[in-house]
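Subject: Model handover and notes

Hello,

Please find the model below, followed by my notes on what came out of going through it.

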Amino acid sequence: AKQYSFERVQGVPLGGQQGDPIIHHPDVLRLNALMKSEIEAMRALALYGAYSMDMIKSNDHNYWTNKTSLLIPIIKGWLTERSVEITSNAVQVHGGMGFIEETGAAQHYRDSRILPIYEGTTAIQANDLVFRKTIRDNGEGIKSLIKEIQQEIDEKLNSNSLRKVQSKMNEAIDTSLKTIDHLIASSNDQRKSAVSGVNYLMMLGYLFGGWMMSKSIIEASKLLETEGADREFLKSKIVSGNIYISNLLPQVQNLSKIIMEGDDDILSMKVDWL
């Protein structure tokens, strides 16, 4: 999609001139920027999950085993679900050329659709996360991990330039903790827990993606101060992280609201009415 955006010429972009490629159209820029940002967050979380698995062999075996157990369903579910929309957006960038076989974009879109199904559907991953890894211990494990994230955020994002990221992450963390309390409080009704499962998994996916992008912003900001730094690369990392925090992290609040308020409406639907 990025390559096509830099080559395809169609119309005159706002503020541009005749002959400028479509990447200069604001909406095409938006689609590419969001894809880049979310993919970076996903890759970081997948790598962190792999690192956690390796660390199970360390002396701190129990800590890393528990952390890995929580990360696996979130990584598998969030990454594969989001891959469907991301590849759909890549087709959108191509326009009609994306729908036909010549560009190859449609093949990626089709291939992505099986990913939330293979190796345990998203609902199975969500059931594991809700019942075995949240309700079973009254949320202690997942809350402990989220509070660990909060401590890292408060320690490393406390400079004036990073205050906005810190505030938005803390808001998402607070929302997530309240949502977990809601799931625990309503866990006597297993149908309610199950109907919320996928939204809960996706909510934590967006939160943990924000965690990864916060790490990226922190490191890039520090490296900008070093001599000989690749400033353009580091500035792109900071902007990509900020795009995630402002455009994707708010899904935490949206999904939390659905979990808190939408369960009864879904469960009130009689099967015969469908």
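N138 is exposed, its relative accessible area being 51%. Bear in mind throughout that this is a predicted model. N138 sits in the loop that joins helix 6 to helix 7 (140-156). Its phi is near 55°, which is a positive value in a residue other than glycine.

E119 can be taken together with it. For E119 too, phi is near 55°, positive although the residue is not glycine. E119 belongs to the loop between helix 5 (105-112) and helix 6 (122-135). Its relative accessibility is 72%, so E119 counts as exposed.

Helix packing

Three helix pairs are worth going through.

Helix 9 (residues 190-223) and helix 10 (residues 231-248) have axes that come within 8 Å and cross at roughly 150°. Because angles over 145 degrees count as roughly antiparallel, helix 9 is roughly antiparallel to helix 10. The crossing of helix 9 past helix 10 is left-handed. On the helix 9 side the contact is made by G205, Y206, G209, G210, M213, S214, S216, I217, A220, S221 and L223. Helix 10 contributes L234, K237, I238, S240, G241, N242, Y244, I245 and L248. By class, the residues of this contact are 10 nonpolar, nine polar and one charged.

Helix 10 also packs against helix 2 (residues 26-55), at an angle of about 95° and with the axes 9 Å apart. Helix 2 and helix 10 are therefore roughly perpendicular to each other. From helix 2, the residues in contact are A33, L34, K36, S37, E38, E40 and A41. Their partners on helix 10 are K237, S240, I243, Y244, N247 and L248. This contact of helix 2 with helix 10 divides into six nonpolar, three polar and four charged residues. Among the helix 10 residues, K237, S240, Y244 and L248 appear in the contact with helix 9 and again in the contact with helix 2.

The third pair is helix 3 (residues 61-94) and helix 6, whose axes come within 9 Å and cross at roughly 150°. Helix 3 and helix 6 are therefore roughly antiparallel to each other. Their crossing is left-handed. Helix 3 makes the contact through S69, L70, P73, I74, K76, G77, T80 and E81, and helix 6 through T122, Q125, D128, L129 and K133. Sorted by class, the contact of helix 3 with helix 6 holds four nonpolar, five polar and four charged residues.

Aromatic pairs

The model has six aromatic pairs. One of them is Y51 with W64, an edge-to-face pair with 5.4 Å from centre to centre and 85° between the planes. Y51 is in helix 2 and W64 in helix 3, so this pair ties together parts that are 13 residues apart in sequence. Y51 is partly exposed at 40% relative accessibility, whereas W64 is buried, with a relative accessible area of 9%.

The rings of W78 and Y206 have centres 5.8 Å apart and planes at 65°, so that pair is edge-to-face as well. What does the pair tie together? W78 lies in helix 3 and Y206 in helix 9, so the pair links parts that are 128 residues apart in sequence. W78 is buried, with a relative accessible area of 0%, and Y206 is buried at 5% relative accessibility. Y206 is also one of the helix 9 residues that make the contact with helix 10.

There is also an aromatic cluster, formed by Y48, Y51, Y63, W64, F208 and W211.

A buried arginine

R82 is in helix 3. Is R82 buried or exposed? At 10% relative accessibility, R82 counts as buried. Leaving out residues up to four places away in sequence, R82 touches E38, M42, M202 and Y206. Of these, E38 takes part in the contact of helix 2 with helix 10, and Y206 forms the aromatic pair with W78. R82 and M55 are 27 residues apart in sequence, and their C-alpha atoms are 27 Å apart in space.

Regards

Key. Residues are numbered from 1 along each chain as its sequence is written. This is a predicted model: local features need pLDDT of at least 70, side-chain atom pairs count only at pLDDT 80 or more; totals for chains, interfaces and linings use all residues. Side-chain values use heavy atoms; hydrogens and water are left out. Axes are lines fitted to C-alpha atoms, for helices over the stretch in contact, and angles run from 0 to 180 degrees between N-to-C directions. Helices (H or I, at least four residues) and strands (E, at least two) are DSSP runs, numbered from the N terminus. Angles under 35 degrees count as roughly parallel, over 145 as roughly antiparallel, 65 to 115 as roughly perpendicular and the rest as oblique. A crossing is left-handed if the near helix is turned anticlockwise from the far one by less than a right angle, and right-handed if clockwise. Contact means heavy atoms within 4.5 Å. Ala, Val, Leu, Ile, Met, Phe, Trp, Tyr, Cys and Pro count as nonpolar, Asp, Glu, Lys and Arg as charged, and the others, Gly among them, as polar. Rings of Phe, Tyr and Trp (its six-membered ring) pair if their centres lie within 6.5 Å; planes under 30 degrees apart count as stacked, over 60 as edge-to-face and the rest as tilted. Buried means under 20% relative accessible area, exposed over 50%, partly exposed in between (1.4 Å probe, protein chains only).
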